[in-house]
Amino acid sequence: MLKVLIICKENQTAKKIINNVLINIDNLRIMGIANSVEEAQELVIRLQPELIISMNSEIVDLIREKFIAYRPGIVIISNSKLSKKNIKNVLYVSKNLGFLEIAQKINIFINRTVVCSQKEKIINLLSRLGFTFNLAGTMYLLDAILYTHTYQGSYSFEKLSKDLYSYVADLNNTTADKVKWSIARSINYMYDKHTKESYKIVESFFKIKYPERPTPKSIINLLSNNLDF
């Protein structure tokens with residue numbers, strides 16, 4: 001689920017946003033509510049939310065000035081002139097819109113900006129580990145990791161082939177067995193590309209020793225959790 005931090009001066013306003021706007025958006029987890037930018041800074045450092053919703057545009061400058069690599073999606077609900085600014089990871093929404101319309105705009109923003117950012121992070125991690133993206137199995141891994149991160153707690157790894165592989169198969173118009181076989185092939189290809197020396201990055205990430213190979217379960221689990229850091 002997407003981790004969300006709400007920044008509102010008044011708790012009553014935050015409550016209204018949660019009960020009337022966020023209730024219409026799936027797979028969000030409210031991590032906290034801050035009543036000032038100062039309080040928000042402490043929570044951002046500790047919680048690393050993927051989405052920040054605020055009435056105060058100062059949070060945009062805070063994130064850009066205080067954090068180098070951390071770039072959460074930010075939604076500013078406001079009527080100020082700043083609403084005309086075009087910044088990739090920031091959405092400005094008029095507070096005069098209806099609750100449902102605000103929710104729809106946030107949902108589109110999440111899918112276009114926040115999820116895309118997560119996808120880029122996974123691609124970077126898989127590339128660093130030596131995976132090749134011209135193999136279908138690597139693309140299936142990417143889908144599996146994104147699904148796992150979004151729906152953590154909704155399935156059991158013990159039912160991996162039934163639950164997760166079936167989802168990825170449906171997404172790619174194939175079968176769960178083909179997904180399972182392709183992912184295993186992608187892992188083997190990654191392993192064969194490495195020398196004993198270059199394999200140290202895999203050993204370090206998965207806490208294993210050559211010639212042990214990471215399992216699909218460990219790859220999906222660790223990389224989906226790594227998106228929170």
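**Close-ups of a predicted model**

**View 1. E42 and R46 pair up in helix 2.** At 40% relative accessibility, E42 is partly exposed (20% to 50% sits between buried, under 20%, and exposed, over 50%, with a 1.4 Å probe and protein chains only). Its partner R46 is exposed at 54%. The two side chains meet in a salt bridge, 3.0 Å from N to O (a Lys or Arg side-chain nitrogen within 4 Å of an Asp or Glu carboxyl oxygen). They are four residues apart in helix 2, so about one helical turn separates them (helices are DSSP runs of H or I, at least four residues, numbered from the N terminus). This is a predicted model, where local features need pLDDT of at least 70 and side-chain atom pairs pLDDT 80 or more, while totals for chains, interfaces and linings use all residues. Numbering starts from 1 along each chain, and side-chain values use heavy atoms, without hydrogens or water.

**View 2. E197 meets K200.** Here's another salt bridge, with the closest N and O atoms 3.2 Å apart. E197 is exposed at 54%, while K200 is partly exposed at 47%. The count comes to two salt bridges.

**View 3. The largest nonpolar core has 28 residues.** Such a core joins buried Ala, Val, Leu, Ile, Met, Phe, Trp, Tyr and Cys residues through side-chain atoms within 4.5 Å. Within this one, F131 and L223 touch the most other members. Several helices supply at least two residues each, among them helix 4 (99-129) and helix 9 (216-226). Helix 5 gives the largest share, seven residues.
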